[in-house]
Amino acid sequence: MDTTELKLNTEEKTGMNDSGSWDWKVDKRLVANISHWKEQFGYMEELYVSPNGERIAAVVKSDDMKFSVCENGKVWDKTFDKVWYLQFGPDNRLTCLVSDMGAWTIAIDGEPWEKRFDFIWNTQFSENGKDIAVSAQTEMEYFAVLNGIEWEKKYSVMTNMVMSQDGAHTAAVVQTIPVGAADIFKFREGCFSVAVDGNPWDINFVNVWEINFSKDGAHAVAEVRTTIYDYTVAVDGRLWNQTFPAVWKPRFSPVNNSVTAPVRKGDSWMLFKDGRQFWDQHFSQLWDHLYSNDGNHIAAIVAPKFGRWTIAVDGRPWSLTFGDLVTDMVISPDGKKVACVGKEKDFWSVVVDGRAWSEAYDMVWKPVFSPDSQHIAVKVEKRGYFYLLVDGKTMEGEFKVLFNPVFSPDSQKILVKGITGNPDEENYYRQVIRLSDIPG
Amino acid sequence: MAESAEKMKTSKIIDKGIEEGAANLSSKKIEKVIHDVLQNETGARLKTYVETCIHCGLCSDACHFYLSHDKDPRYSPAGKVKQTIWKILKAKGKVDADFIKKACEIAFTECNLCRRCAMYCPFGIDVSYLISIVRRICFKLGVVPQYIADTAHSHASTLNQMWVKDDEWIDTLFWQEEEAADEIPNLRIPVEKQGADIFYSVIGPEPKFRSQLIYQAAVIMNTAGVNWTMPATPGWDNSDMCMYIGENEMMGRLKKAYFDTAMRLKVKRIVMGECGHAFRSIYDQGNRWLGWKMPPIPVIHAIEFYYELLKEGKIRVAKKYEKGVTFHDPCNIVRGRGLHEMARYVTKAFTREFIEMHPNREHNYCCCAGGGVINCGPPFKKKRVEGDRIKAEQLFAAKSRGAETIIAPCHNCHGGLEDIVHHYGLGMEIKFLGDIIYECMEKPESMGE
């Protein structure tokens with residue numbers, strides 16, 4: 001399972017949203033008095049906010065111990081035995097997974113799909129949010145469901161379901177050949193494959209892990225192993241012509257559908273492209289690589305030596321390294337900047353192009369670039385309060401809860417979504433601020 | 001000692017993974033694999049250990065197998081090394097398939113990698129490292145006991161130890177939440193709560209066989225007011241039999257998924273349940289194979305967590321556990337982490353009568369289940385319990401002084417001790433520390449009364 005990507009907070013999936021139609025008037029608007037909610041409900045879970053900041057919601061329980069959703073202070077009419085995985089899609093629709101009498105489905109803006117399943121999980125959104133997929137199980141058969149339509153073919157095992165960016169396709173790791181309990185030799189013959197839209201590739205593997213679609217959704221790539229020792233990359237079911245002792249998640253170039261993947265050779269890691277060495281440099285570790293939008297640059301999290309972590313851009317590592325970790329790497333829309341989060345001795349920092357911003361925090365969230373790539377905003381936490389940093393400066397005000405910010409399409413404003421106040425008067429505000437008004 | 005240990009035992013145990021794995025091995029392949037492992041994956045550490053050992057035999061009395069087999073030198077740590085890696089080195093890898101089968105059985109089922117012997121070696125030679133090299137060679141040759149190999153295949157396919165499917169995991173959390181909410185209204189197991197302080201991680205057997213432990217943990221977390229979460233994705237299981245079969249590449253994959261999950265959830269630290277080997281994997285071996293000197297997100301074991309909650313007054317003692325208890329120190333969190341005093345602090349707080357077993361703390365005898373030995377399954381069960389007669393004697397001595405209950409904060413220890421208690425007819429019950437805390441702590445409905 002791609003644990004770093006599949007479950008991205010949907011707030012981060014706003015790259016292709018229609019944010020131009022949102023309210024970008026410079027203003028601070030009260031959306032909900034959260035203290036009232038807490039008074040009203042004996043049970044309330046954490047809050048989620050839509051990308052445009054207009055909607056705030058939480059799972060709540062009624063007096064009869066049924067679950068529902070409170071949105072902007074109003075509780076859905078429908079109640080359920082269980083509600084979980086509240087998620088706003090990129091198009092600001094609110095989804096959650098719900099069950100009644102042991103039957104599960106997804107509710108979108110309060111309306112459940114008609115179809116019911118024995119279990120569903122792993123909600124996925126297309127880039128524009130119009131398409132929604134889930135992993136599902138009924139009578140111990142597994143399949144994906146895209147916009148309410150099930151795969152025709154079902155499997156005894158399915159993992160790692162992903163959706164193409166355009167929302168047209170789903171793919172997952174599936175078991176194609178049954179294996180008896182503890183039948184290790186059958187297992188090693190290769191009993192797993194990749195199913196795209198339910199149809200398996202005509203090749204089996206010992207194992208398959210991360211799957212990625214090409215930008216146009218026409219191709220899929222997966223990291224596989226063909227024996228318990230030989231790992232490689234399979235593109236549309238065709239294997240690279242060499243194997244490795246280990247590989248990490250492969251990716252398509254956004255422009256020409258070539259495939260790159262970190263691979264292990266000897267005791268070091270390097271980046272391979274279409275089965276051949278691509279970067280000259282070797283690293284103690286290399287993973288989670290990303291392409292710039294124009295496909296001209298690749299950045300990856302690397303360990304130039306054991307125990308030190310940084311970012312390498314086009315194979316060249318930054319000189320600034322961190323001892324604990326580097327995570328949440330993001331490339332600016334124009335491909336010229338790279339930002340990430342680094343941690344050293346339990347203190348978290350924002351790093352842009354190899355330089356750390358001055359302060360360290362108890363936690364730092366994934367940096368957000370403005371569409372013109374000129375600004376960066378980051379949510380941080382210190383001593384139990386949350387703050388918003390813009391271009392390295394801390395904006396005025398501390399928040400009890402803060403959601404990831406969004407820049408306006410013209411990159412002149414920022415949408416701040418946060419909860420402030422004391423326990424008796426906790427309010428959720430949606431605020432649009434002109435960047436030029438932020439004190440320098 | 002050393003001379004007689006050189007002659008290898010002939011096993012009567014038939015294991016499909018070993019037999020069929022070795023069936024088609026050629027001497028050429030064996031030599032190549034051994035050469036590759038020794039040349040590419042070992043270095044100064046192996047050379048130092050091999051050249052430093054003076055064959056003094058002081059490690060022998062540290063080993064429960066040796067003590068339990070009437071001091072048969074073939075079961076001494078040096079004896080097991082001499083029968084395996086030393087022979088491989090001496091023969092420059094020119095050994096046959098029969099040798100590999102025997103070396104596999106010794107390395108996988110006669111050494112728990114417990115590191116007790118390392119404390120008694122005048123030079124601190126870590127025999128578990130030497131035996132792990134033998135396991136790595138066996139893995140690369142495809143000669144691994146069937147049951148633990150199957151467990152490793154489960155890890156590879158599901159990222160958990162027990163073939164638990166994605167939906168089964170989440171459903172188990174909801175089931176336990178619902179059960180526990182009957183006891184504590186509005187109790188919650190917060191799934192996928194980003195920004196929680198703590199990611200609580202467990203191992204495969206908890207959703208599969210011991211789901212009450214998740215229930216109990218939820219009660220403790222809710223009572224203590226902890227801001228915690230559990231993931232809905234693979235990456236929830238911190239166990240690692242790949243580490244023990246020498247499948248280092250898969251160990252790395254498991255730990256990447258695990259720490260990626262923690263980073264994705266934006267937690268400040270990880271609290272892991274009562275497991276020993278998983279601690280070794282995430283705190284020592286798996287993280288380091290990936291390139292992290294230490295865990296990238298701080299990890300604490302349940303014992304440290306209970307200690308912290310108790311010290312801070314977040315959990316309180318409502319009553320004392322009445323039966324006499326003794327405490328079994330798990331190798332990986334006591335010799336490997338030094339949690340023995342914290343464990344005693346918590347145990348004594350919740351129990352009326354505490355009886356030390358001897359030896360104890362870092363000198364405690366292994367349960368004989370750890371190191372993947374219990375995971376080698378039924379073919380080796382009898383051998384395993386007979387290989388720890390000394391543990392039965394140690395427990396019996398504690399029982400004779402009033403201990404009716406053994407507290408063992410480790411899953412493998414539980415399995416191993418249950419088998420020993422049953423085999424030797426000790427008549428003692430075994431509990432997790434969390435069992436005792438859950439039973440004796442103040443719970444919300446009684447708090448403030």
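Two strands count as paired if DSSP finds at least two bridges between them. In this predicted model, β26(A) and strand β27 (residues 298–305) of chain A clear that bar with five bridges, running antiparallel. One bridge in this pair sets Leu290(A) against its partner Ala299(A) in β27(A). The two strands belong to an open four-stranded sheet of chain A, ordered β26-β27-β28-β29 and paired in the antiparallel sense. At the edges stand β26 (285–291) and β29 (316–317) of chain A; each has a single partner strand, so one side of each is left without a neighbour in the sheet.

Before going further, a word on confidence. The model scores ipTM 0.96 and pTM 0.97. Chain A averages a pLDDT of 95, with 96% of the residues scoring at least 70, while chain B averages 96, with 97% of the residues at or above that score of 70. The stretch to treat with care is residues 1–11 of chain A, where pLDDT stays under 50. For these residues the model has 36 contacts beyond four places in sequence.

Chain A has another open sheet of four strands, this one in the order β14-β15-β16-β17, again with antiparallel pairing. Here the edge strands are β14 (158–163) and β17 (199–200) of chain A, and each of them pairs on one side only. The link out to β17(A) comes from strand β16 (residues 192–196) of chain A, which runs antiparallel to β17(A) and is joined to it by two bridges. Across that pair, Val196(A) sits opposite Asn199(A) in β17(A).

Then there is a run of hairpins in chain A. Strand β7 (residues 94–100) of chain A and strand β8 (residues 103–108) of chain A run antiparallel and are joined by six bridges, with Leu97(A) opposite Ile106(A) in β8(A). Two residues lie between the strands of this hairpin, and Met101(A) takes a positive phi near 50 degrees there. From β8(A) the chain turns again: β8(A) pairs with strand β9 (residues 111–112) of chain A over two bridges, also in the antiparallel sense. In this pair Ile108(A) faces Glu111(A) in β9(A). The hairpin of β8(A) and β9(A) likewise has two residues between the strands, and here Asp109(A) is the residue with a positive phi near 50 degrees.

Moving to chain B, the chain splits into domain 1 (7–144), domain 2 (151–308) and domain 3 (317–440). Domain 1 of chain B and domain 3 of chain B have their C-alpha centres 28 Å apart, and their contact draws 17 residues from domain 1 of chain B and 20 residues from domain 3 of chain B. On the domain 1 side, α5 (64–68), α8 (97–109) and α9 (116–120) of chain B each put in at least two residues. The largest share on that side, four residues, belongs to α5(B). Sorted by class, the side of domain 1 of chain B that touches domain 3 of chain B comes out at nine nonpolar, four polar and four charged residues.

Further along chain B, α16(B) packs on helix α17 (residues 277–290) of chain B with the axes 8 Å apart and at an angle of about 105 degrees. That makes the two helices, α16(B) and α17(B), roughly perpendicular. On the α16(B) side the residues in contact include Met251(B), Leu254(B) and Tyr258(B), and on the α17(B) side they include Ile282(B), Trp289(B) and Leu290(B). Glycine turns up on each side too, as Gly252(B) in α16(B) and Gly286(B) in α17(B). Taken by class, this helix contact has six nonpolar, six polar and two charged residues.

Finally, the two chains meet in a contact that takes 41 residues from chain B and 38 residues from chain A. On the chain B side, the elements giving two or more residues are α2 (16–23), α11 (146–158), α12 (166–183) and α16 (248–264) of chain B. So what supplies the largest share of the side of chain B that touches chain A? That would be α11(B), with eight residues. The class make-up of the chain B side is 14 nonpolar, 13 polar and 14 charged residues. As for α16(B), this helix thus gives residues to the side that touches chain A and also packs against α17(B).

Definitions and conventions
Residues numbered from 1 in each chain as written. Chains lettered and ligands numbered in written order. Predicted model: local features only at pLDDT ≥ 70, side-chain atom pairs only at ≥ 80, totals over all residues. Contact = placed C-beta atoms within 7 Å. Nonpolar A, V, L, I, M, F, W, Y, C, P; charged D, E, K, R; others polar. Axes fitted to C-alpha atoms, helices over the stretch in contact; angles between N-to-C directions. Parallel < 35°, antiparallel > 145°, perpendicular 65-115°, else oblique. pLDDT = per-residue confidence, 0-100. Domains from an automatic or database assignment.
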